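Reader: I am new to this structure and would like a guided tour. Could you take my questions one at a time?

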Amino acid sequence: MLKKLRELQKTRAMAALYSNASDTQKFMFGWVLRAEEDWTAVLLAHPNGDFDGVVCLPTNRLYRVDEGGRYGEKMRRLLKFDPARFSVKLEGEDLAAATLELARDTGKIVSLELEESGLNDVTGFVESADGNACAIRQVDEYGFPDGTSTVALDSITQISCDTEDEQRILRLYQAVQNK
């Protein structure tokens, strides 16, 4: 699968990527930003054609890739942004750490799935990340600050950055801060 993901990265082709073994009809749609042995980062398009953030997940969780087809054609017609003009720099050897650093440096909210829970276990702003852990200044679903969580990096099984969920929480957080 890594070979195919790297081909998608190189060609910048849109694809449906499947990673949810408990719901094999569910997929994410977008462009592979970077595919490595351990992690893959994907720039997402929302089903209505809007930008939907970046997801970084273990490469071995990706089990199916669909290209072309009716869904791909539909998404081409719906796209409201040009992914080629969208600059996301994920630099460094550790792709997961690079995703956390991107969120920290741009002030975006992340959601972390821990231990393959299938949930957004920790959501908030990345305060720091080192080789072993990251500190997240948590924000609840209503936009209120909710303490700080320190998470072992090896427990993270998915990072979502600036997706629809995080964009909504950021807008609520900004509204709370401007009261």
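Author: Happy to help; the questions below go from the whole chain down to single residues, and please keep in mind that this is a predicted model.

Reader: Let me start with the whole chain. How many helices and strands does the secondary structure come to?

Author: From the N terminus on, the elements run α-β-β-β-β-β-α-α-β-β-β-β-β-α. The secondary structure therefore comes to four helices and ten strands.

Reader: What is the radius of gyration of the chain, and what does the globule rule give for 179 residues?

Author: For a first impression of size, the C-alpha trace spans about 45 × 35 × 30 Å along its principal axes. The globule rule gives 16 Å for 179 residues, and the chain comes close to that, so it is as compact as a globular protein of that length. Its radius of gyration is 16 Å.

Reader: What percentage of the residues in the chain is buried?

Author: A residue counts as buried when its relative accessible area is under 20%. Over the 179 residues of the chain, the buried share is 47%.

Reader: Which helix gives the largest share of the largest nonpolar core?

Author: This core has 34 residues, and those touching the most other members are Leu100, Val110, Leu112, Cys134, Ile156 and Ile159. Six residues of the core come from one helix, which spans residues 95–106. That helix is α3.

Reader: How many residues does the second, separate core have?

Author: Met28, Val42, Leu44 and Val55 are among its members. In total, this second core has 14 residues.

Reader: Back to the largest core: which residues does Ile159 touch, apart from those up to four places away in sequence?

Author: Ile159 is one of the residues that touch the most other members of that core. Setting aside residues up to four places away in sequence, its contacts are Val54, Val55, Cys56, Ala96, Thr99, Leu100, Val110, Ser111 and Leu112.

Reader: Now to helix α4. Why do its buried residues lie on the same side?

Author: Helix α4 covers residues 164–177 and reaches 20 Å from its first C-alpha to its last, close to the 20 Å expected. Its buried residues are Glu166, Ile169, Leu170, Tyr173 and Val176. An α-helix has 3.6 residues a turn, so residues three or four places apart point the same way. The buried residues of α4 are on the same side because they cover an arc of only 120 degrees around the axis.

Reader: Which strands are included in what covers the buried residues of α4?

Author: The cover is a matter of contact with those buried residues, which include Ile169 and Tyr173. The strands included in it are β6, β7, β8, β9 and β10.

Reader: Let me pick a residue in one of those strands. Is Ser149 buried or exposed?

Author: Ser149 is in strand β9. Beyond its neighbours up to four places away in sequence, Ser149 touches Val122, Cys134, Ala135, Ile136 and Gln138. Its relative accessible area is 16%, and the cut-off for this class is under 20%, so Ser149 is buried.

Reader: What is the phi of Glu115, and what is the phi of Glu116?

Author: Most residues other than glycine have a negative phi. Glu115 is found in the loop between β6 and β7, and Glu116 lies in that loop as well. Glu115 counts as exposed at 58% relative accessibility, and Glu116 counts as exposed at 57%. Both have a positive phi: about 50 degrees for Glu115 and near 55 degrees for Glu116.

Reader: How far apart in space are Leu79 and His46?

Author: Leu79 is in the loop between α2 and α3 and is partly exposed, with a relative accessible area of 23%. Leaving aside neighbours within four places in sequence, Leu79 is in contact with Met14, Trp31, Ala45 and Gly49. Leu79 and His46 are 33 residues apart in sequence, and their C-alpha to C-alpha distance is 8.7 Å.

Reader: And how far apart in space are Glu67 and Lys4?

Author: Glu67 is in the loop between β5 and α2 and counts as partly exposed at 40% relative accessibility. Its contacts beyond four places in sequence are Lys4, Leu8, Ala13, Met14 and Ala15. Glu67 and Lys4 are 63 residues apart in sequence, and from C-alpha to C-alpha the distance is 11 Å.

Note on methods
Residues are numbered from 1 along each chain as its sequence is written. This is a predicted model: local features need pLDDT of at least 70, side-chain atom pairs count only at pLDDT 80 or more; totals for chains, interfaces and linings use all residues. Side-chain values use heavy atoms; hydrogens and water are left out. A nonpolar core is a set of buried Ala, Val, Leu, Ile, Met, Phe, Trp, Tyr and Cys residues joined through side-chain atoms within 4.5 Å. Buried means under 20% relative accessible area, exposed over 50%, partly exposed in between (1.4 Å probe, protein chains only). Helices (H or I, at least four residues) and strands (E, at least two) are DSSP runs, numbered from the N terminus. Contact means heavy atoms within 4.5 Å. The expected span of a helix is 1.5 Å times one less than its number of residues. The arc is that of the directions from the helix axis to the C-beta atoms. The radius of gyration is taken over C-alpha atoms; the globule rule is 2.2 Å times the number of residues to the power 0.38.
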